Amino acid sequence: LVRERGTIDRSIMNRVGGGIQGSMATVRVMPHRRIGAGARTLVVTGSKKHAGYQAGRHLRGVAAQAASSSNQAGSEPRVAIVGATGAVGQEFLELLDERDFPLKELKLLASARSAGKTMKFQGRDLVVEELKEDSFGDVDIALFSAGGGISKKFGPLASDAGAVVVDNSSAFRMTEGVPLVIPEINAEAMRGVSWRERTGGIIANPNCSTIIALMAVTPLHREAGVRRMVVSTYQAASGAGQAAMDELVLQTKEALEGKEVTKDIFPFQYAFNLFSHNSPMQDNGYNEEELKMVKETKKIWSYDDVSITATCIRVPVIRAHAESINLEFDRPLSEERARELLSGSPGVTISDDRAANSFPTPLDASYKDDVLVGRIRRDISREDQNGLDLFVCGDQIRKGAALNAVQIAELLLEQ
């Protein structure tokens, strides 16, 4: 199957869904233009009236299924964590344990620099392995959180090997045919993806700011139709990784001691300061983070008739994002109805005590699975009832990254 030309017998064809008559069939491999680099279309030509069979599958995903029964999926998945030593990778481990995720095997993958380290999981020491091109032959579900460059290189390889990839980077979010999923909102987008079939696939985790915003906004959108959304984000250090979190702590100590602060991660002082999000700036004056929120929202909702603008700011907070959101609706929506809708939404907790002046804070949201929603109020700049303001907070590492990915993996178990 991995040769450019060769033969495969009927039993193998039956295992990959072919209906070829006769004992032998000819296989050839062609580039798959739509999926991208590294992907292949398997074209099989048989005899008699079943003249051909074309499967739009990644070559090595099919090969992995057909070549060896030892690589077939069992009753529980074999899981790999790519980027296991990072902040999100460590959170994956905690969540798999906390949520009793069924595992046949767990493989920890990271850079050569981290290979050989040990990490605790359910009382056992697991050795971190170096991430290589052939790391995924015995993996059913691969949780990726090692940056876009790693995902672009190794994500298709993992999928080709038969694993379903749940990717936390931006590498595939806007790729046509790749589901972009928040399980509470659009689980149906990943319908048909199966880890048991060993045919591979990639599912994208949305951007953390998008997830946290849409957990609060989507129930209201379904009720009244969001026409325009204005978002200002106050984003934690965790979104830039463990090194940024460590540097914020170090800078805070250095600043309090009157020392010059260390600036290895950002070119600005982070402690006791805030600045525009560090993602690349575009010609239109928006940065990449802001445009992610615009594009991803429309894809997740499968709805283009909404206007979105965002301003994303880094603030000296460790791990939970905050967002101020102004909404304009197609139809009237009262504060009371909004609270009713949000109180019944999975993954959302209302924190809105006006009498005590108590509303969501990043500290309250840290290490929590739910997104906190408060400051629910009518937009008094409007004369009608078609505008609301919200303030939301969510743990960037949990629901903004690792938890959402693990929930996707849990959905895979049900499919």
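Which residue stands opposite Asp-167 of strand S11? In this predicted model, the residue opposite Asp-167 is Phe-144. Strand S10 (residues 141-144) and S11 run parallel and are joined by four bridges. Along strand S11 (residues 164-167), the side chains alternate: Val-164 and Val-166 point one way, while Val-165 and Asp-167 point the other way, and all of these residues are buried.

**Overall organisation**

The chain contains eleven helices and 19 strands. Of its 415 residues, 52% are buried. Among contacts with a separation of 6 or more, 66% are made by residues 24 or more positions apart.

**The seven-stranded sheet**

An open sheet of seven strands follows the order S14-S15-S13-S16-S19-S18-S17, with mixed pairing. Its edges are strand S14 (275-276) and strand S17 (348-350); each has a single partner strand, so one side of each lacks a neighbour in the sheet. In general, the strands of a sheet pair through backbone hydrogen bonds, in either a parallel or an antiparallel manner. Within this sheet, strand S13 (residues 226-235) runs parallel to strand S15 (residues 307-314), and eight bridges join the two. Gln-235 is positioned opposite Arg-314 in S15. Helix H8 packs on the sheet, where H8 touches S13, S15 and strand S16 (320-329). The direction of H8 makes about 135 degrees with that of S15.

**The largest pocket**

The volume of the largest pocket is about 980 Å³. It is lined by 45 residues, of which Ser-145, Ala-146, Gly-147, Gly-239 and Gly-241 are the closest to its centre. By class, the lining comprises 15 nonpolar, 24 polar and six charged residues. Elements that each supply at least two lining residues include helix H3 (87-98), strand S6 (105-110) and helix H4 (148-160). Helix H8 (288-301) and helix H11 (398-414) likewise each supply at least two. Helix H8 thus appears in two settings: it contributes to the lining of the largest pocket, and it packs on the sheet.

**Individual residues**

The following table gives the relative accessible area and class of four residues.

| Residue | Relative accessible area | Class |
|---|---|---|
| Arg-198 | 1% | buried |
| His-221 | 13% | buried |
| Arg-375 | 34% | partly exposed |
| Pro-346 | 55% | exposed |

His-221 belongs to helix H6 (residues 208-224). Why does His-221 count as buried? Its relative accessibility is 13%, and the class of buried residues is defined by a value under 20%. When neighbours within four places in sequence are left aside, His-221 is in contact with Val-226, Trp-301 and Tyr-303.

Pro-346 is located in the loop between helix H9 (335-343) and S17. Its relative accessible area of 55% makes Pro-346 exposed. Not counting residues up to four places away in sequence, Pro-346 touches Glu-184 and Met-215. Pro-346 and Met-215 are 131 residues apart along the chain, and their C-alpha atoms are separated by 8.7 Å.

Two arginines call for a remark on backbone geometry. Most residues other than glycine have a negative phi. Arg-198, in the loop between helix H5 (183-186) and strand S12 (201-204), has a positive phi near 60 degrees. Arg-375, found in strand S18 (residues 371-378), has a positive phi of about 50 degrees although it is not a glycine. Arg-198 is buried, whereas Arg-375 is partly exposed.

Note on methods. Residues are numbered from 1 along each chain as its sequence is written. This is a predicted model: local features need pLDDT of at least 70, side-chain atom pairs count only at pLDDT 80 or more; totals for chains, interfaces and linings use all residues. Side-chain values use heavy atoms; hydrogens and water are left out. On a 1 Å grid over the protein atoms alone, a cavity is a set of points where a 1.4 Å probe fits but cannot get out, and a pocket is an open set with protein on both sides within 12 Å along at least five of seven lines; lining residues have an atom within 4 Å of a point. Grid points are joined across faces, edges and corners, and a volume is the space filled by probe spheres set on the points. Ala, Val, Leu, Ile, Met, Phe, Trp, Tyr, Cys and Pro count as nonpolar, Asp, Glu, Lys and Arg as charged, and the others, Gly among them, as polar. Two strands pair if DSSP finds at least two bridges between them. Contact means heavy atoms within 4.5 Å. Axes are lines fitted to C-alpha atoms, for helices over the stretch in contact, and angles run from 0 to 180 degrees between N-to-C directions. Buried means under 20% relative accessible area, exposed over 50%, partly exposed in between (1.4 Å probe, protein chains only).
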